[in-house]
Each structure stands twice: as structure tokens, then as C-alpha cells.
Amino acid sequence: MFHIADVKKFRFCPRFFWLHNNGQPLPRIQFVRMEEKMTELAKEKLNITSFFMGQRGDGNEVFQQGFLSQDWGINVRMEAKHLRIKVPLMHKTDDGYDIYFTYLGGKPRGDDVRYYSDQIWVMMELGIMVRDIYVIHLNPEYVREELLDIDQCLSVATHFYTSKGIPSHLITDAVFEHVQGLSSTLEEMVKVHQDTLPEAIKLPRCYRRQKCGYYHQCFPDEQSEDHDSIWTLVNSANKSDLVRRGIFKLDQIEGDMIEGDRVQYAQIMAARNNGLFFDRLALTNWMSKVQTPISFLDFEWDLYAIPPYPGMRPMEVLPFQYSLHMLAEDGLKHEQFLGVGDCRLEFIENLLRDIPSEGTVFAYNADGAEKLRLLELARQFPQYKEPLHSLAERLIDLAQPLFMGLYYDIRLGGAFTLKKVIEVINPQFAYGNLMIQHGLNAVELWRKADISDTLSEQLRQDLFAYCKRDTEAMVELFQYLRNLVK
Ligand code: SF4
């Protein structure tokens, strides 16, 4: 018996499916905080008061019986040809069933259309007449007031949306258009599942958006490969092709073989120049924008699907911690903050008090993180809009020299995280000796403390140490780059 999620895994990669189903599932990381189940909230949104609730392991007779006495079914389990599905919400009408899928995100863009179609195939195999299909999703425009209004927080989509938020295809039509027989896929899945582990073949799917969770298991040799291996080349869909053509090292690449962005150029030049490349002129120019006193800022935050406090939107974050290093003529100073619960106001007031009123403020990946957080807080607390906006304007992304191809050290191996960078430029500031070594780990521990409202002194110190290491590493990176251009 397979579950619908297995079909998705199998289509992605048969080896991925095999590993996942043969005792080696990847750990589940909960990026988004969601304390109530989406189906429960959808039930409230649709004002469903009378229904039957499906349970794990239900056979088809359960839903058939359920719909004899109820018009609504929630978490309805069914199976056809040994494929099980769980339908979040199902409504019986005189003309057939309306199906409500749930989506933990803003306006649905149709990426999951095939996943929905596969479930409709199971229903069609069982002779269920499907009338209309909807997707219940988070309403990105909703702003919470004192009380949560689930009716406003969730929306029911009849259409998929374009990337610009414009309604495109009718969901019912698009899903039906994609329905294809799954019988042969299911037969192949049985064969793969019963057979030995499929061979690992490196294809763009292994590394396209981010590395597959089994990547290092599938390609263990790569970890011992040289830093100038072709597999370290960033932003490239051509790596497999290059290897097939006998190109294994960065310095073998000729200009017309790759997409040719600036970071790739920096990588190739570093490979040809004893492992280090920097564009002195461009880096000097970038440095010239820096004004003293120089601050280094890092936030930690949790991401909530449903806004827990007034002023927040769905899928918005709550910053709960910062570390701030300040480099001035009289030396390096440090300030920090850590709160639980709705600590946003305290966070803002402490930050505005601690941070120098002028000078450059560095953050690593500032544009996609700290800057956004400051603008969100400014929207939520309009009384602090002006100072928060002005602080956001002073932010400079310390990752820019790497992302713009101004600097590359071959030992980075194509990774630009702050952790990797500090390992290369000054391992004394690496994270290995800390109790908390990853941001996700910090959030997970803080989340538990926040839910139980007990932040132990030990955890407090560990969280402080982790966040502080981020700004210490930034100071090191800045000084390293400054020395480089000197
Ligand atoms: S790394 Fe590639 S081959 Fe291995 S499981 Fe992932 S997608 Fe499949």
C-alpha cells in the first residue's frame, strides 16, 4: 500500500522514493509554526458544524457509511489500487462532491496541480463524482487585529494565480486536465520498492534549487573531492553535461560552456589563481560606501502560518532575538536582546536604544532577512516607522561581495553561508564549539521554550552565544575583506 505522497517522491526520483520507504526517511523539519491543524481552521472558515471525521487506517467503507448520514467529511481516507489518500474536506451535494484541498501558503499557483489530480484519479477509480475543486489557503492581505478572524485569515480559491497574483486557470478545470491513469506508475513503484536500491545518477534534480536531502549519501565521494571540482560551480544547470564532456575541474571551463555569471567567473578565476580571487577595484568601491561607526546586526525569528499577535499577517515572522556588534575607534562593543511571547515592542525599543544613530549597519543576507524584518515591524508599530525605516536604509548586505562575485576563495566549495565563510577565513570563530550550531536548532529550542513559557538560564546563554557568534563572524569577515583590499 502506498500513500499519495509516495507518488510525488517516486516522480521526483525513484531512488529518493526507495530510500524514504526503506527505513531511511529524512528528518522532518518544521519551518513554519502552526499550532492548530489547517483542516480544523478550514472547518471553522466554512462553518461546518455537522460532519464525520476520518481516521488513520480507515477502509473505504468508513467514508461510504459516513456520507450516508452526513454531508461533510473531514480528513476522509480512501484507497484505490493500493493507493491511499486523505481528502482534507469533502462536501456531498446533489450533483456530486465538492473537494477542498488545503494549502499552507498564500495564493495557490498551481505547482501542486498534479498532486491534486492524482487524488482525483483515486476518487474517479472509486466511482466518486467530483463536482468542484477548491483550495483553502492563507489570505496574504489579512492583518490580525486583537482577535484572530479565521474567516478573513483564510480564503477559498476557485482559481490558481499567476506569480503576479492574478487569477489564471479555474482549479477544477486545471486539475481535471491533469488527471492521468496511475496504474502503470503504481506498478513501477512496486517493482522499485521490492528491488535493491536504484543507482545514484547525478542529475539537475539532485541539486537544482537546493541539494537533495540524500545528496551526500548518494554521492559520498564528492565530499572528498577537491575544492575546485566542477560540482562546486554555482548557478549552473550544466554541471552534469560538463562532466559527461570530461570537464571535472573549474579551471578547465571555457567561457561558452556555462551561463557565465559573475560568481562563476570568480570561481574559475580563483581556480586559476592559486585558490583566491578578488576584484580589488570593485571591492574597494564597495568598501567606500561604508561609514563609521560600523555595526553588525543579526536577528533570530520564528515564522508563523497564522498570525499570533495584532498587526501580523499570515506567514509573517516574529523576531525574538538580536546580537549587535559595534566597531568604533575605541574598540568593539556588544549588545544583545532575547525575549519570549510577544516581545516585538521590547525588541524595537531595545534595538533603537542600542544601535548607533549613524554609520553603516551590516547584516548577512540583509535584503532577504533583517531589512524585511525591520519593514514588517515598522508596519506593525507605526509609531516607530520612521526610525525603523531609516535603520533599514542604513543596512548593507555583507554577503554582497560573495554574491556579486567580488571575492571567492576556492575553499568555500561553492557555499556562501556565513558558517562556511568563517570556517575558511578564521576557523577560530566556527560554530563547532557551541551548544547551538544552526539557526533552525535555535528556533526549535526557542519555540519549545515560548510554548511552555519557560526559558531556562542555560538555554538563554546558549541562544545568546549562537546569535553572538553570527555577528562576531561578520566582524571577522568585514575585517578580512578590508585587509584584502589594503
Ligand atoms: S541525490 Fe539525486 S539520486 Fe540521490 S535521491 Fe536525491 S535526487 Fe535521487
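Which domains does the domain assignment give for the protein chain? I started there, keeping in mind that this is a predicted model. The assignment lists domain 1 (2-12 + 32-189), domain 2 (225-274) and domain 3 (276-486). Domain 1 is written as two stretches, 2-12 and 32-189.

**Domain 1 against domain 3**

I looked up how far apart these two sit, and their C-alpha centres are 39 Å from each other. For the contact, I get 16 residues from domain 1 and 14 residues from domain 3. On the domain 1 side I sorted the touching residues by class: 9 are nonpolar, 3 polar and 4 charged.

**The ligand shell**

Next I went to the ligand and listed what surrounds it. The shell holds Cys13, Arg15, Phe16, Ala200, Ile201, Arg205, Cys206, Cys212, Tyr214, Tyr215 and Cys218. I then checked which elements supply two or more of these residues, and got α2 (14-21) and α9 (215-218). By class I count 9 nonpolar and 2 charged residues in the shell, with no polar ones.

**α2 and its helix neighbours**

Since α2 turned up at the ligand, I followed it outwards. I took α1 (residues 4-12) as my starting partner: its axis and that of α2 come within 5 Å and cross at roughly 135°. I have therefore noted α1 and α2 as oblique to each other. From α1 the contact uses Asp6, Lys9, Phe10 and Phe12, and from α2 it uses Pro14, Phe16, Phe17, His20 and Asn21. That contact splits into 5 nonpolar, 2 polar and 2 charged residues. Phe16 caught my eye, as it is listed in this contact and also in the shell around the ligand.

I went on to α8 (residues 183-194). Here the packing angle with α2 is about 60°, and the axes are 9 Å apart. So α2 and α8 go down as oblique to each other, and I wrote their crossing down as right-handed. α2 brings Pro14, Phe17, Trp18 and Asn21 to this contact, while α8 brings Met189, Val192 and His193. I tallied 5 nonpolar and 2 polar residues, and no charged ones. Pro14, Phe17 and Asn21 appear in the α8 contact and again in the α1 contact.

**α12 on α19**

How do α12 and α19 pack, by angle and axis distance? Helix α12 (residues 280-287) meets helix α19 (residues 457-485) at about 125°, and their axes are 9 Å apart. That angle makes α12 oblique to α19. I have the crossing as left-handed. The α12 residues in the contact are Arg280, Leu283, Thr284 and Met287, facing Leu481, Arg482, Leu484 and Val485 from α19. My class count reads 5 nonpolar, 1 polar and 2 charged.

**Backbone oddities**

I finished with two loop checks. Which residues does a cis peptide bond join? The pair is Thr292 and Pro293, with omega at about -5°. I placed Pro293 in the loop between α12 and β12 (294-304).

The other one is Lys81, which has a positive phi of about 50° although it is not a glycine. I found Lys81 in the loop between β4 (72-80) and β5 (83-93).

Key:
Residues numbered from 1 in each chain as written. Predicted model: local features only at pLDDT ≥ 70, side-chain atom pairs only at ≥ 80, totals over all residues. Near = placed C-beta within 6 Å. Helix = DSSP H or I, 4+ residues; strand = E, 2+ residues; numbered from the N terminus. Nonpolar A, V, L, I, M, F, W, Y, C, P; charged D, E, K, R; others polar. Axes fitted to C-alpha atoms, helices over the stretch in contact; angles between N-to-C directions. Parallel < 35°, antiparallel > 145°, perpendicular 65-115°, else oblique. Left-handed = near helix turned anticlockwise from the far one by under 90°. Contact = placed C-beta atoms within 7 Å. Domains from an automatic or database assignment.
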